[in-house]
Amino acid sequence: MITLVPDEEQREIAKSVSDFLEKSVTIATVREQSLTPDGVSEDLWASYADLGWLALGVPEEVGGVGLGVAEEMLLFVELGRRLAPGPLRTTILAARIAAAAGREDLVAELVSGERRAGIAVGDLVVDARPGDLLVVLTETTGSLVEVAATEPVDGVDPTTRVARATRGATAVEVDGPFLTIARIHAAAELLGVIEAVRDMSAFYAQTRQQFGVPIGTFQAVKHRCADMAVAAYAVRSQVAFAAVKFDAGEPDASFQAASAYALAARHAQKSTADNIQNHGGIGFTWEQDSHLFLKRAHLLSRLLGVLRDTYEVVLEPPRNDFI
């Protein structure tokens, strides 16, 4: 029987991730590390590896933790809430691709944090440096390509590296539902963004006063906050459903993952924009943090290509990803 309620072990995973990020990753940390050449300090990246996050979904027999997409989903929700820096989403996916191809050498490099991976998005790459691996996805395959050189370009999210890259040799190419996994990961991270801005708006609506009363008493503000809460509830249900469907090997996993990603992208973009509106004039300033969540939402909504491709999967008859 499929259940969407996390069990005790899964709740402990989510709590441990949240506890670490609360101590180690504030928005000030994100802003500070965004100015470094790699977008994340070596110490913080090493901590991610030491905690086992990079190996979470890799089978135990090749050096991983051996958990499923449902556990990875819980990790990415917390990462999204904190705008955690570093190419976690792409390195975790690259380790899965390397494991599926039997490349234990690459798995060891990736899960230890020794090597990182970015992802190809059209003609650009996200979170890739020279010497890194580049994740290239289709609906049915996953590839890892060597990155020979990069030329930085300005991206929408100041906390994420975007570049044009010169590609080297293809290190791995293997069949598998890796784009389905990536959609669940991205949807979970978008869910974290939605929950973060929901909480930001709710707190501000209770504390900011105008005309002698909290602004949360005004209809326009309270309705936007309510919409965020409903969006977070709906997206969490769909993302969790997609994750457990995938882990159960259900034939409609790709449909559920595409639905989760499309739903999360739409609500994240609206919720982050509404959060800026709820904060009024200060919400439009660089010093205030709201714009960082808006920009991360836009990045994640385009990380896996144009959303039209995702909607096409939703409209297709279900297929079995696991045959």
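Helices here are DSSP runs of H or I with at least four residues, numbered from the N terminus. With that convention in hand, the tour of this predicted model can begin at a loop.

**Stop 1: the loop at G63**

Select G63, which sits in the loop between α3 and α4. Leaving aside residues up to four places away in sequence, G63 touches A55 and V111. Add V5 to the selection and draw the distance between the C-alpha atoms: G63 and V5 are 58 residues apart along the chain, and their C-alpha atoms are separated by 28 Å.

**Stop 2: helix α6**

V111, a contact of G63, leads to helix α6, residues 104-111. Which residues of α6 are buried? They are L106, V107, L110 and V111. Viewed down the helix axis, these residues cover an arc of only 120 degrees, and they therefore lie on the same side of α6. Next, display what covers them: the cover includes helices α3 and α5, together with strands β1 (117-121), β3, β4 and β5. Just after α6, select G113, whose phi is positive, at about 85 degrees.

**Stop 3: aromatic residues of helix α3**

Move to helix α3, residues 42-50, and select W45 and Y48. These two residues are three positions apart, about one turn of the helix. An α-helix has 3.6 residues a turn, so residues three or four places apart point the same way. Both W45 and Y48 are buried.

Four aromatic pairs are counted in the model, with ring centres required to lie within 6.5 Å. Why is the pair of W45 and Y48 edge-to-face? Their ring centres are 5.8 Å apart and their planes stand at 75 degrees; planes over 60 degrees apart count as edge-to-face. Extend the selection to F20 and W53, which join W45 and Y48 in one aromatic cluster.

**Stop 4: T91 in helix α5**

W45 is also among the contacts of T91, so select T91 next, in helix α5 (residues 88-100). Is T91 buried or exposed? T91 is buried, with a relative accessible area of 0%. Show its neighbours: beyond residues up to four places away in sequence, T91 touches W45, L54, L110, R115, R116 and A117. One of these contacts, L110, is a buried residue of α6.

**Stop 5: the salt bridge of R89 and D127**

Remain with helix α5 and select R89, then D127. The two residues form a salt bridge in which the closest N and O atoms are 3.5 Å apart. D127 lies in the loop between β2 (124-126) and β3 (133-137), while R89 lies in α5, so the bridge ties together parts that are 38 residues apart in sequence. Both partners are buried: R89 has a relative accessible area of 9%, and D127 has 11%.

**Stop 6: the strands**

From the loop at D127, turn to the strands. Five of them make a closed barrel in the order β1-β2-β5-β4-β3, with mixed pairing. From one strand to the next the twist averages 45 degrees. Strand β2 and strand β5 (residues 162-175) run antiparallel and are joined by two bridges. To see one residue pair, select V126 and its bridge partner in β5, V162. Now bring in helix α7, which packs on the sheet and touches β3, β4 (141-153) and β5; the direction of α7 makes about 105 degrees with that of β3.

**Stop 7: the salt-bridge network at α7**

The last selection is on α7. The structure holds 20 salt bridges. Side chains of opposite charge can pair when their charged atoms come close. Select D199 and R81, which form a salt bridge with closest N and O atoms 2.9 Å apart. This pair links distant parts of the chain: D199 belongs to helix α7 (residues 178-207) and R81 to helix α4 (residues 69-82), 118 residues apart. D199 is partly exposed at 31% relative accessible area, and R81 is also partly exposed, at 24%.

Then add R198, whose side chain meets that of D199 in a salt bridge, 2.9 Å from N to O. R198 is partly exposed, with a relative accessible area of 23%. Which residues complete the picture? Select R81, E195, R198, D199 and R236 together: salt bridges that share partners join them into one network.

Notes: Residues are numbered from 1 along each chain as its sequence is written. This is a predicted model: local features need pLDDT of at least 70, side-chain atom pairs count only at pLDDT 80 or more; totals for chains, interfaces and linings use all residues. Side-chain values use heavy atoms; hydrogens and water are left out. Rings of Phe, Tyr and Trp (its six-membered ring) pair if their centres lie within 6.5 Å; planes under 30 degrees apart count as stacked, over 60 as edge-to-face and the rest as tilted. Buried means under 20% relative accessible area, exposed over 50%, partly exposed in between (1.4 Å probe, protein chains only). Contact means heavy atoms within 4.5 Å. A salt bridge is a side-chain nitrogen of Lys or Arg within 4 Å of a carboxyl oxygen of Asp or Glu. Two strands pair if DSSP finds at least two bridges between them. Axes are lines fitted to C-alpha atoms, for helices over the stretch in contact, and angles run from 0 to 180 degrees between N-to-C directions. The arc is that of the directions from the helix axis to the C-beta atoms.
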